[in-house]
Amino acid sequence: MDTIKVLLVDDHEGFINAALRHFRKVDWLQVIGTAANGLEAIERSEALRPDVVLMDLAMPEMGGLQAARLIKAQDDPPYIVIASHFDDAEHREHATRAGADNFVSKLSYIQEVMQILESLHAPESGAGDVS
């Protein structure tokens, strides 16, 4: 993958802005859109066709788990990473059952997300290699 197209989904504008500041420094990453809840994430995923959706777990109107299920039902769905402050086995299991490809802690978000994105970007590894 030459450029990874990312959709950022979080209901906290400050979190989105911090992530955008970091991701703009990475030449092979392109943030193609943002969303503030799961309903917007589903709509924008369908319209923008991102490679990766980085999505908060807990949001108003529709959370990340329900949105992940519905996005994964789309044709050629993106790789979905769920992020949460609730980093425990139960929340990770719920994310996996919802169809998320990965789960990261918001406490170490940039480091964990960049490791995932780098492995997706690396030509010698495929999306199935990320854990």
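This report describes selected local features of a predicted model.

## The aromatic pair

The structure contains one aromatic pair. Its members are phenylalanine 15 and tyrosine 109, whose ring centres lie 4.7 Å apart; because the ring planes meet at 70°, and an angle over 60 degrees counts as edge-to-face, the pair belongs to the edge-to-face class. The pair joins distant parts of the chain, with phenylalanine 15 placed in helix α1 (residues 13-23) and tyrosine 109 in helix α5 (residues 109-121). Along the sequence, 94 residues separate the two.

The partners fall into separate accessibility classes. Phenylalanine 15 has a relative accessibility of 24% and therefore counts as partly exposed. Tyrosine 109, at 6% relative accessibility, counts as buried, because the limit for that class is under 20%. Phenylalanine 15 has a further neighbour in lysine 106, which lies over the face of the ring at 4.2 Å from the ring centre.

## The cavity

The model has one cavity of 30 Å³ or more. The volume of the largest cavity is about 40 Å³. Both members of the aromatic pair, Phe15 and Tyr109, belong to the lining of the largest cavity, and so does Lys106. The other lining residues are Leu8, Val9, Asp10, Ile16, Leu54, Met55, Asp56 and Ala83.

Three elements, β1 (4-9), α1 and β3 (52-56), each contribute at least two residues to this lining. The largest share belongs to β3, which supplies three residues. In terms of residue class, the lining of the largest cavity comprises eight nonpolar and three charged residues, with no polar ones.

## The contact between asparagine 37 and glutamate 61

Asparagine 37 is situated in the loop between β2 (29-35) and α2 (38-48). Its side chain makes a polar contact with the side chain of glutamate 61, at 3.4 Å. Glutamate 61 lies in another loop, the one between β3 and α3 (64-72).

Which of these residues is buried, and which is exposed? Asparagine 37 has a relative accessible area of 5% and is therefore buried. Glutamate 61, by contrast, is exposed, because its relative accessible area of 68% is over the 50% limit.

## Positive phi angles

Most residues other than glycine have a negative phi. Glutamate 61 is not a glycine, yet its phi is positive, at about 70°. Aspartate 76 is also a residue other than glycine with a positive phi, in this case near 50°. The position of aspartate 76 is in the loop between α3 and β4 (79-84). With a relative accessible area of 68%, aspartate 76 is exposed, so this loop residue falls in the class that begins over 50%.

A positive phi is also found at glycine 99, which follows helix α4 and has a value near 105°.

## Helix α4 and its ends

How is the N-terminal end of helix α4 (residues 89-97) capped? Aspartate 88 provides the cap: one of its side-chain oxygens lies 3.1 Å from the backbone nitrogen of glutamate 90. After the helix comes glycine 99, the residue with the positive phi noted above.

Within α4 lies histidine 94. This histidine has a relative accessibility of 34% and so counts as partly exposed. Histidine 94 and glycine 33 are 61 residues apart along the chain, and their C-alpha atoms are separated by 25 Å.

## Further positions in α2 and α3

Isoleucine 42 belongs to helix α2. It is buried, because its relative accessible area of 19% is under the 20% limit. Isoleucine 42 and valine 53 are eleven residues apart in sequence, and the distance between their C-alpha atoms is 10.0 Å.

Lysine 72 is part of helix α3. Its relative accessible area is 25%, so lysine 72 is partly exposed. From lysine 72 to isoleucine 116 the separation is 44 residues in sequence and 18 Å in space, taken from C-alpha to C-alpha.

Terms used:
Residues numbered from 1 in each chain as written. Predicted model: local features only at pLDDT ≥ 70, side-chain atom pairs only at ≥ 80, totals over all residues. Heavy atoms only, no water. Polar contact = N/O pair within 3.5 Å; in protein donor to acceptor, adjacent residues only side chain to side chain. Helix = DSSP H or I, 4+ residues; strand = E, 2+ residues; numbered from the N terminus. Phe/Tyr/Trp six-rings, centres within 6.5 Å; stacked < 30°, edge-to-face > 60°. Buried < 20%, exposed > 50% of the residue type's maximum accessible area, 1.4 Å probe, protein only. Lys NZ or Arg CZ within 6 Å of the ring centre and 35° of its normal. 1 Å grid on protein atoms, 1.4 Å probe; cavity = no way out; pocket = protein on both sides within 12 Å on 5 of 7 lines; lining within 4 Å. Points joined across faces, edges and corners; volume = space filled by probe spheres on them. Nonpolar A, V, L, I, M, F, W, Y, C, P; charged D, E, K, R; others polar.
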